[in-house]
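Work through the exercises below with the sequence and the model open. Each task is followed by a solution in steps.

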Amino acid sequence: MDNLSPVDVHGDRAAAPVAPVPAPARRFDARRVYTALIGIPIVYAIIRYLPPWGLTLLVVIGAAIALLELTRMGFGDRRNPALTGLGLGLTALLIVRPHWMLPLDAILLPGLACVLLAMLGSSHAISSRFHDATVAIFGPLYIGLTLGTLVSTRALPAGEWLIVFIAVVTWASDIGAYYAGTLWGRHPLAPSISPKKSIEGLAGGLALALAVALLTQIWLVPQLSALHALVLGILMTGTGLIGDLCESAMKRAVGVKDSGGILPGHGGMLDRLDSLLFT
């Protein structure tokens with residue numbers, strides 16, 4: 001009798017307590033480390049030792065790859081060279097805009113007009129044209145407009161160190177969340193969007209981001225106070241998480257695991273930039 005489930009007052013067997021479902025554990029992927037060991041020194045050298053246009057070119061290349069991944073997800077099996085080309089052009093213009101002091105509406109209004117004209121002249125089914133045009137407008141705003149702020153930041157006094165601060169704190173949050181979630185993740189954070197993300201991972205990402213923010217402030221950006229660095233660490237962890245979840249929702253909507261495979265162990269370029277877009 002001790003092994004039987006309890007019964008309620010009507011004699012029916014009561015439901016057994018349901019234990020919380022742990023977040024699926026992630027396996028360590030050594031390729032993530034190898035890719036980081038190669039990529040991070042290259043990115044640092046470009047930020048630190050090349051003139052501002054060096055970073056701009058790097059951002060344009062990364063954004064172009066990310067946009068191609070996004071349009072591939074959005075268009076599916078359809079090929080639309082006109083809208084893809086317009087998206088790439090708008091993205092590049094939004095990123096280089098700080099160098100040329102171009103007004104935002106001088107880029108977006110002609111770009112919108114061109115996308116709408118391309119939608120009217122498309123040979124695809126009418127049911128697909130609006131969807132594709134929306135992707136072509138959304139991509140430059142999501143990728144180009146956000147990454148353009150890196151170019152603006154680089155133009156500030158000691159801007160190269162501020163860029164390093166943004167990058168390393170964002171990466172620290174991602175790394176801390178990944179490994180803390182892998183080791184200790186038990187409570188899902190957003191199971192309907194990204195089942196592998198856990199509350200424990202978020203805590204680990206925040207802890208490492210705060211530690212790296214303080215160290216970077218001491219060594220590289222003394223113009224920030226320790227309080228500024230801590231507040232930025234908290235904000236960047238939160239906004240980076242939102243960026244990560246937004247991209248996860250897009251991938252889940254179209255049924256793909258990664259946006260691409262250009263970065264071994266990390267997936268696509270958009271998978272690597274998703275947090276940085278918001279931070």
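## Exercise 1: The chain as a whole

In this predicted model, 70% of the contacts in the protein chain between residues at least 6 apart in sequence join residues at least 24 apart.

Task: State how many helices and strands the protein chain has, and in what order they run.

Solution. Step 1: count the elements, which gives 9 helices and 2 strands. Step 2: read them from the N terminus on, which gives α-α-α-α-α-α-β-β-α-α-α. Step 3: add burial; of the 279 residues in the protein chain, 41% are buried.

## Exercise 2: H2 and H5

Task: Determine how H2 and H5 are oriented to each other, and which residues make the contact.

Solution. Step 1: locate the helices, H2 at residues 52-75 and H5 at residues 126-154. Step 2: take the geometry; the axes are 10 Å apart and the packing angle is about 160 degrees. Step 3: apply the cut-off, by which angles over 145 degrees count as roughly antiparallel; H2 and H5 are therefore roughly antiparallel to each other. The crossing of H2 past H5 is right-handed. Step 4: list the contact. H2 contributes Pro-52, Leu-55, Thr-56, Val-59, Ala-63, Ala-66, Leu-67, Leu-70, Thr-71, Gly-74 and Phe-75, while H5 contributes residues including Val-135, Phe-138, Ile-143 and Leu-147. Step 5: sort the residues of this contact by class, which gives 16 nonpolar, 5 polar and 2 charged.

## Exercise 3: H8 and H9

Task: Find the orientation of H8 and H9 to each other.

Solution. Step 1: the axes of H8 and H9 come within 6 Å and cross at roughly 135 degrees. Step 2: this angle falls outside the ranges for roughly parallel, antiparallel and perpendicular, and H8 and H9 are therefore oblique to each other. Step 3: the handedness of the crossing is right-handed. Step 4: the contact includes Thr-239, Gly-240 and Lys-251 of H8, and Leu-270, Asp-274 and Phe-278 of H9. Step 5: by class, the contact of H8 with H9 has 4 nonpolar, 4 polar and 5 charged residues.

## Exercise 4: Nonpolar cores

Task: In the largest nonpolar core, identify the residues that touch the most other members, and the element that gives the most residues.

Solution. Step 1: the largest nonpolar core has 35 residues, and those touching the most other members are Ile-143, Leu-147, Leu-150, Phe-165, Val-169 and Leu-270. Step 2: two or more residues come from each of H2, H5, H6 (159-184), H7 (199-219), H8 (226-254) and H9 (269-278). Step 3: H6 gives the most, 8 residues. Step 4: follow Phe-165; leaving aside neighbours within four places in sequence, its contacts are Ala-213, Thr-216, Val-221, Leu-224, Ala-229, Leu-232 and Met-236.

## Exercise 5: Loop residues

Task: For Met-101, Ala-158 and Ser-123, decide whether each is exposed or partly exposed.

Solution. Step 1: Met-101 is in the loop between H3 (81-100) and H4, and its relative accessible area is 69%, so it is exposed. Step 2: Ala-158 is in the loop between H5 and H6; with 33% relative accessibility, it counts as partly exposed. Step 3: Ser-123 is in the loop between H4 (104-121) and H5, and is exposed at 74% relative accessible area. Step 4: check the backbone. Most residues other than glycine have a negative phi. Phi is positive in Met-101, near 55 degrees, and in Ala-158, about 55 degrees.

Technical notes: Residues numbered from 1 in each chain as written. Predicted model: local features only at pLDDT ≥ 70, side-chain atom pairs only at ≥ 80, totals over all residues. Heavy atoms only, no water. Axes fitted to C-alpha atoms, helices over the stretch in contact; angles between N-to-C directions. Helix = DSSP H or I, 4+ residues; strand = E, 2+ residues; numbered from the N terminus. Parallel < 35°, antiparallel > 145°, perpendicular 65-115°, else oblique. Left-handed = near helix turned anticlockwise from the far one by under 90°. Contact = heavy atoms within 4.5 Å. Nonpolar A, V, L, I, M, F, W, Y, C, P; charged D, E, K, R; others polar. Core = buried A, V, L, I, M, F, W, Y, C linked by side-chain atoms within 4.5 Å. Buried < 20%, exposed > 50% of the residue type's maximum accessible area, 1.4 Å probe, protein only.
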